[in-house]
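Student: Could you take me through the salt bridges here, pair by pair? I would like to see where the partners sit and how accessible they are.

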Amino acid sequence: MTRTISVVLLDDVSGALRGPDLELLTVARTLGTVRAVAFDAPSDAALEALGAYGVADVVRLDVDGEPHLTGVAAAALEPVVDDARVLLARATFANKEVLARLAHLTGAGLVIDAARVREHEGLVAGWKRVFAGSWDVDSVVTTDLALLTVRPNAVRPEPAATAVSPVVRVVALDAAAAEAAAGGVRLVSRTLHEVSGSARPPLAEASVVVAGGRGTFGDFGPVEELADALGAAIGATRDAVDEGWIEHDAQVGQTGVTITPHLYIGAGISGAPHHRGGMQASEVIVAVNSDPECPIFEICDFAVVGDLATVLPQAAAALRARQA
Amino acid sequence: MARRIVVVVKHVPNIHSARAFADGRTVRGAEDGSLNELDEHPVEEAVRILEGLDEPERAASEIVVVTVGPAEAVDALRRAFQLGATTAVHVGDDALAGSDYAGTARVLAAAVRKVAADGPVDLVLAGMAALDGLGSVVPALLAAELGMPQLTNAGKLELDGATARVERVVDGATEVLEAPLPAVVSVNDHINRPRFPNFKLIMAARTKPVTTWTLADLGVDATEVGEAGARTRVLSAEPRPERAPVELHVDAGSGGEALAEFLVRRGLV
């Protein structure tokens with residue numbers, strides 16, 4: 001039997017659906033009939049968006065246990081994908097592991113952090129940039145079920161031609177099954193970080209990112225000023241985080257957040273491999289650095305040799321003047 | 001109590017080298033390959049755990065490093081010796097070429113089980129990701145294969161008798177997780193600062209024996225791993241198209257305006 005269901009795991013359905021989830025729904029529609037799945041009850045705003053994106057089948061997973069444990073989340077998802085062709089989820093660390101465990105349970109093939117997803121000769125293909133953005137690799141999943149985490153900004157969200165009325169059904173995982181799936185792991189505590197400057201978009205999903213490094217000498221004021229003029233998220237290098245100039249959540253790089261925005265602006269960043277590994281797949285790269293020999297200039301579309309403390313505020317003022 | 005710790009490590013192309021693919025597979029030559037930098041942290045953590053033991057227990061303890069890969073992968077084990085590993089196992093077999101996440105985890109699990117046949121393993125440590133694929137899912141899959149609890153991406157690890165407790169920062173949250181041993185724990189690069197190896201360890205690492213196992217030694221069927229067992233197939237692997245040459249603007253007072261003008265021209269604002 002040919003499988004035609006495209007499942008989308010939604011990360012946050014408590015309010016209106018955000019860009020990355022709408023992107024997943026847009027991609028999923030090209031691969032089959034979309035089923036949306038969430039660990040919480042969707043809000044009215046979320047249901048309205050799902051309807052606009054053509055999703056009639058909505059599943060709320062009712063877990064009698066701790067859904068933040070990887071094993072539990074994977075076990076809860078298993079029955080929801082048994083007739084599915086593909087499951088797409090945002091490229092968060094938690095989702096990568098949940099999909100890996102789900103792959104273990106179902107025998108499904110797994111593609112981590114696809115930047116594009118498409119159909120190829122009846123199979124689901126995932127395309128990604130690797131080796132700090134220097135190589136492009138395209139793979140197909142050869143099993144009946146394909147599991148993919150998908151990076152933000154893979155496509156532009158687009159509602160369906162025809163809206164539908166979503167129907168929510170509940171799929172439950174009972175306490176005994178949840179405990180078995182936890183495999184001995186206990187969540188002692190979970191503390192969500194305060195989002196500072198909540199007017200800015202989250203780093204991992206932002207379409208524009210302004211990042212600062214050692215060349216800021218600890219003053220992120222100019223970085224923030226340009227970010228706010230562009231509606232951008234703020235990023236940083238490992239150095240800036242280790243110096244305590246900015247919180248750990250802002251670290252862009254191979255061991256921090258990997259970003260794929262439409263526009264990346266690096267200020268006072270030399271472009272060490274670890275940082276490049278986390279940002280080099282960005283569409284357009286701009287750098288401001290006083291050192292004309294810095295390696296980041298080699299991978300830039302546009303570069304300014306100059307002092308970020310004067311260049312960034314001037315750029316911000318020029319952009320604000322244009323918007324006024 | 002004495003501890004027996006298995007650290008799974010990977011041999012990857014050096015991130016400072018020109019990394020490449022051939023026939024859809026990562027090129028991992030001897031000259032430009034190295035121990036995955038993030039795997040230095042679990043080795044260091046294992047060394048620290050042993051250093052916390054009293055002398056008789058420490059003497060009875062063991063750090064076994066295990067890697068899966070071509071012959072060159074032994075280089076990664078030599079580096080792990082320099083960092084303080086006591087025993088090393090290389091799983092090499094032509095049938096392993098082209099393994100995906102699932103195949104890799106299956107072989108690593110079989111190797112851990114074989115190590116455990118000589119005496120109980122308390123802990124399996126791994127780096128949070130390999131700096132080639134950056135999938136970061138092998139530790140979770142390894143835990144699933146072994147039926148052990150998974151505690152991944154740890155920035156702190158405490159062992160208390162038969163319990164492991166980790167703290168980690170993931171996806172904008174700080175979590176504390178606990179599980180009984182034996183468990184699979186992956187650690188990130190915030191957990192410790194690997195020490196520079198001393199001369200004695202560097203010299204000893206050259207001649208320490210490395211055990212080599214094949215799939216037959218592990219009882220793993222060749223059809224379950226490598227290309228035969230892979231659930232994905234590489235369609236193409238190409239160097240990224242060359243970027244257009246950088247537009248370089250030397251600031252003489254209007255650098256910010258030039259930047260803004262570029263963003264406008266490219267339709268980015």
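Tutor: Gladly; what follows is a walk through some of the charged pairs, with a short look at one uncharged residue at the end. Please keep in mind that this is a predicted model.

Let us begin with the overall count: a search over all chains of the structure gives 32 salt bridges. The background is simple: side chains of opposite charge can pair when their charged atoms come close.

Take A:Asp136 and A:Arg129 to start with. Their side chains form a salt bridge, with 2.5 Å from N to O. A:Asp136 counts as buried because its relative accessibility is 9%, and the cut-off for that class is under 20%. Its partner A:Arg129, at 24%, counts as partly exposed.

Next, look at A:Asp228, which pairs with A:Arg200; here the closest N and O atoms are 2.7 Å apart. A:Asp228 belongs to helix 6 (residues 221–230) of chain A, while A:Arg200 lies in the loop between strand 11 (186–192) and strand 12 (208–212) of that chain, so the salt bridge ties together parts that are 28 residues apart in sequence. Both ends are partly exposed: A:Asp228 has a relative accessibility of 47%, and A:Arg200 has a relative accessible area of 21%.

Now turn to chain B, where B:Glu51 and B:Arg195 form a salt bridge with their closest N and O atoms 3.0 Å apart. This pair links distant parts of the chain, 144 residues apart: B:Glu51 is in helix 1 (residues 40–51), and B:Arg195 is in the loop between strand 13 (183–187) and helix 6 (199–207). B:Glu51 is partly exposed, with a relative accessible area of 42%. B:Arg195 also counts as partly exposed, at 39% relative accessibility.

Back in chain A, there is a set of residues to view together. A:Arg18, A:Asp21, A:Arg90 and A:Glu205 are joined by salt bridges into a network.

To finish, here is the uncharged residue I promised. A:Ser6 sits in strand 1 (residues 5–9) of chain A. With a relative accessibility of 0%, A:Ser6 counts as buried. Setting aside neighbours within four places in sequence, A:Ser6 is in contact with A:Ala28, A:Leu31, A:Gly32, A:Thr33, A:Val34, A:Arg35 and A:Val86.

Technical notes:
Residues numbered from 1 in each chain as written. Chains lettered and ligands numbered in written order. Predicted model: local features only at pLDDT ≥ 70, side-chain atom pairs only at ≥ 80, totals over all residues. Heavy atoms only, no water. Salt bridge = Lys/Arg side-chain N within 4 Å of Asp/Glu carboxyl O. Buried < 20%, exposed > 50% of the residue type's maximum accessible area, 1.4 Å probe, protein only. Helix = DSSP H or I, 4+ residues; strand = E, 2+ residues; numbered from the N terminus. Contact = heavy atoms within 4.5 Å.
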